[in-house]
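Okay everyone, thanks for coming. Have a look at the structure on the screen, and I'll walk you through a few spots in it.

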Amino acid sequence: MYRSNAVWDAIEAENYRLAHVQLAKALRRDPNDEYSLALQAYTFSLERKPAEAIAHARKLALREPTNYQTLELLYGIFVDIAGHTEAGQLYERAAKKLPKSEPLLLSWFWATSTGLDIRGQQRASMALNKAYGSNRAYKLRCAQSCYLAAVQVGATEMEQRLFAGLALRLLDGTGRPQTAEEAVLAARILEANPDKQEKLLEFLCDSETENWNNLELAVMKLETAVKLTNWEKVFAIVLRTLATENRDDYESYKQMAHAVIELQDQEKTVIFTNFLRDKSTTRNGALAAVYYASLLGKEFVLPAVKSYFRLMGKKQCAFDDLLPFVEYLDPTVWIEFCDEQLLEFSGSLNRASVNQLNILVNCRKFHYLLNSTTDSYVLENISLYNKVLPLLDFKQDTEYFYGDDLLLLAVQWILEGRPVSFPKLEIHDSVLVAVTLLESACSRDKHQFYVRLWLVRLHLFLGNFPQAQVHYKILSIKNIQMDTMFHHLFTRNATICPSFKAILENREIYNMNAVQTPQYIKYAYEAGSFSQIQGMVEFANRLTNSYGKGFLCVEVKRIARMTGLKMDELAISTRLLENSWHDNRDDDILKGIGSAGEEPIETLVRIGPKQDKEWINVFILRETILDLMPSGSKELDVYVAKLRDLMSLETTKSQLTKTEIWSMDILFNLYALIKATTLLAALKAVEDLKATFAELSGELAEPGLSNLTWSWFHNRFTLFETIKIIKPILDSLPNGKLKNPKLTQVSADLRRTLMTTAEKVKEDSRRIKDDREKWVKEKVRLISSYAPVEKLDSLINLELMIDGIAAGHDATISVLRLMKL
């Protein structure tokens with residue numbers, strides 16, 4: 001009934017001014033209307049006015065409202081601004097007043113469960129179970145909530161024992177599971193109790209449990225038997241899976257292999273080897289034979305690997321399947337075997353089948369891994385690529401052309417600086433060669449996911465954000481990939497090419513998570529789908545606390561500052577500092593195929609030091625400090641102290657570039673200036689600021705470089721951002737309480753230094769743009785005569801491609817030159 005009134009109509013139309021007008025009318029009619037007061041606070045929160053919203057919410061909370069619609073609004077405000085603890089206290093006080101109000105208790109449960117407040121949810125479910133203990137559904141929800149409290153990230157050892165035991169006692173009161181979902185919940189709760197593992201295995205092996213025919217229960221059964229090292233039971237479980245259920249399951253094969261090794265029972269060994277023989281024509285069976293051989297000893301591995309490769313070498317999965325077993329192989333012997341596989345069709349590659357092409361690519365991957373000293377690898381791969389190009393004529397647009405892996409391997413070999421038969425280039429020009437080879441592949445084929453992803457990173461390394469963005473858009477990254485892959489394009493975006501629109505497009509996944517995931521969690525509880533709840537809660541937490549979300553919050557505000565956009569609505573909540581940040585980034589697809597323990601190849605073209613949670617927290621603190629500087633409040637002192645502590649850690653410094661560390665030193669100088677209470681202190685602070693600025697500004701404004709990379713843009717945009725931060729504070733000095741001619745003079749001198757430095761950068765940028773044609777000709781001459789490019793049967797217009805890189809530089813340079821300081 002509340003959502004149909006004029007206030008909600010205005011809110012849904014985002015007309016917050018009208019909403020306040022309507023609320024004022026409602027409150028004139030009834031000044032004590034709790035729901036209208038809650039709506040007033042909610043409207044302030046929608047307007048991104050956290051101080052006003054929380055002030056109104058706290059004032060209303062003092063009345064201890066019990067209307068559940070009012071509490072739902074207030075709860076959301078408190079969670080967003082003050083955190084779960086204060087939010088939960090609203091419902092706890094209301095529940096003490098009305099301990100038997102089912103609508104109130106349900107509202108509390110749904111607010112906490114969909115708000116990802118695990119401890120609050122546990123308390124709400126206990127209150128609901130206490131009031132309505134005869135309701136089996138409430139008891140099951142309570143057991144699930146206690147289980148979540150036991151296994152949540154950050155739960156102490158005592159909490160794990162306490163809540164897991166409580167969940168078990170609650171579950172005992174519900175009787176036998178009535179659905180497979182309830183059976184999964186029972187199994188998980190038993191699993192969370194360390195002293196109940198034998199009982200768990202007994203439950204999972206019970207005929208009633210097995211009758212549910214649930215895959216998760218089956219997986220847990222095998223895992224539990226392995227954990228208990230009950231190898232007789234492991235063998236029996238796997239035997240049923242493989243024989244009775246006739247499933248070709250690799251994990252089952254692996255555990256049966258362990259079982260026969262541990263049991264040393266001849267009869268069981270014969271049964272297992274018969275399974276391997278019967279399944280030798282399947283991928284899982286053949287790979288299981290390799291795994292079993294690795295357990296028996298190194299001398300048994302080669303025959304099994306050869307057998308597997310003869311069967312599966314024609315599939316793309318072959319290399320990855322065999323990679324864990326490479327350590328058991330003699331490199332020379334295995335490379336000879338691989339070369340033998342190619343003899344049968346080496347003279348007719350232009351007519352090779354997909355199977356033959358995959359054999360070729362898999363063999364070349366093993367050459368990359370095990371024959372890394374040869375200097376002919378790159379040119380051999382390009383020659384092979386030329387021979388298989390006719391196969392593109394018979395490929396569907398949406399199919400992946402595995403021949404392109406030959407170029408990817410050549411590119412990685414070059415970037416790693418491995419032995420080659422032609423002169424090596426500096427990293428910038430090596431990247432240009434890599435871009436040329438991969439752009440050639442893209443010019444021939446539409447479906448090039450890995451090739452384009454590499455091009456995103458390589459163009460960004462060259463400082464060519466516009467072209468990197470083109471390839472990124474073609475990848476059509478959506479949904480969860482937006483969180484796992486954003487960093488390939490948006491690393492240090494604010495200081496490479498400030499692009500407000502581009503980075504905002506990436507926040508869709510976080511908005512969807514905030515709205516949709518809570519709904520799915522509620523649906524799962526209502527449907528009794530207990531097996532899904534934990535996964536959805538973990539998914540929601542990983543996105544809510546994602547590095548991507550942290551980077552987005554910081555970068556958007558920095559871009560707004562540098563491009564002159566209004567920043568009032570981009571406040572960063574300091575509650576983010578409490579986040580348990582999750583790193584969901586996926587770098588595996590750029591790691592190449594090096595051995596375990598080797599440094600990933602993607603680090604060679606990484607955009608500065610890898611940013612982790614410390615980087616996010618440093619910049620959240622910096623933005624908070626900059627927001628508080630005009631006031632000089634005590635809160636400012638607290639956050640500056642936190643930033644100093646964070647910056648004192650080597651872990652933090654290792655994540656920041658030299659220029660970013662310098663910008664933090666500037667911030668500390670500005671803080672000293674803001675806090676100066678005497679003229680002498682103010683003069684010293686300005687001199688210190690001037691000295692710190694001079695430490696790096698001269699280097700950043702130094703002209704002469706022509707081969708631009710990401711670092712050139714990063715350094716100069718950071719310099720300009722720093723100037724935009726310093727200048728307003730200097731401008732405010734003459735009008736402050738320390739007004740003095742000498743202070744005015746030194747401040748004016750520093751302002752002139754800032755602007756002179758900026759002009760030097762802009763002048764050098766102009767020179768680079770003017771020299772564009774000359775740079776393009778030099779690079780075309782160098783790259784076109786380079787052996788890998790000469791060897792390639794290319795359709796690409798090299799001059800047009802390199803001119804496009806220069807044009808991308810020009811576009812970003814224009815942003816730099818037009819920046820108002």
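Let's start with Asp731, which is partly exposed, because its relative accessible area is 35%, and the partly exposed range runs from 20% to 50%. Before I go on, please keep in mind that this is a predicted model.

So what does the side chain of Asp731 meet in a salt bridge? The partner is Arg751, at 3.5 Å from N to O. Asp731 sits in helix α39, residues 710-732, while Arg751 sits in helix α40, residues 741-770, so this pair ties together parts that are 20 residues apart in sequence. If you're new to this, the basic idea is that side chains of opposite charge can pair when their charged atoms come close.

Salt bridges can also share partners here, and one network made that way joins Glu555, Arg558, Arg561, Arg622, Glu623 and Glu721. How many salt bridges turn up in a search of the whole structure? The answer is 49.

Let me pick out another one of them. Asp587 pairs with Arg457, and their closest N and O atoms are 4.0 Å apart. This salt bridge links distant parts of the chain: Asp587 is in the loop between α33 (547-563) and α34 (613-628), whereas Arg457 is in helix α26, residues 449-461, and the two are 130 residues apart. Are these two buried or exposed? Asp587 is buried, and Arg457 is buried too.

Now for a pair within that loop. Arg585 and Asp612 meet through their side chains in a salt bridge, 2.8 Å from N to O. Arg585 and Asp612 are both in the loop between α33 and α34, 27 residues apart. Arg585 counts as buried because its relative accessible area is 13%, which is under the 20% cut-off. Asp612, on the other hand, has 21%, so this one is partly exposed.

Okay, zooming out for a moment. The protein has 43 helices and 0 strands, so if you were hunting for a strand on the screen, you can stop. Its C-alpha atoms fill a box of roughly 85 × 85 × 45 Å along the principal axes. Of the 821 residues, 52% are buried.

Next, the cysteines. How many disulfides does the count come to? It comes to 0. Take Cys146: the nearest cysteine sulfur belongs to Cys142 and is 4.4 Å away, and Cys146 is in no disulfide. Why not? The sulfur atoms would have to be within 2.5 Å, so 4.4 Å doesn't make the cut. Cys146 is also buried, with a relative accessible area of 0%. Cys205, by contrast, is partly exposed at 23%.

Over to the surface. Which residues form a negative patch there? They are Asp330, Glu336, Asp339 and Glu340. From that group, Glu336 is in helix α21, residues 331-343, and with a relative accessible area of 45% it is partly exposed.

Last stop, Thr678. You'll find Thr678 in the loop between α37 (658-675) and α38 (679-700). Thr678 is partly exposed, since its relative accessible area is 39%. And how far is Thr678 from His488? They are 190 residues apart along the chain, and their C-alpha atoms are separated by 49 Å.

That's my tour, so over to you for questions.

How values were computed
Residues are numbered from 1 along each chain as its sequence is written. This is a predicted model: local features need pLDDT of at least 70, side-chain atom pairs count only at pLDDT 80 or more; totals for chains, interfaces and linings use all residues. Side-chain values use heavy atoms; hydrogens and water are left out. Patches are made of residues with over 30% relative accessible area and no salt bridge: like charges are joined within 9 Å, nonpolar side chains (Val, Leu, Ile, Met, Phe, Trp, Tyr) within 5 Å. Accessible areas come from the Shrake-Rupley method with a 1.4 Å probe; for residues, only the protein chains shown count as cover. Lys and Arg count as positive and Asp and Glu as negative; His and the chain ends are not counted. The place of a charge is taken as NZ of Lys, CZ of Arg, CG of Asp or CD of Glu. Helices (H or I, at least four residues) and strands (E, at least two) are DSSP runs, numbered from the N terminus. Buried means under 20% relative accessible area, exposed over 50%, partly exposed in between (1.4 Å probe, protein chains only).
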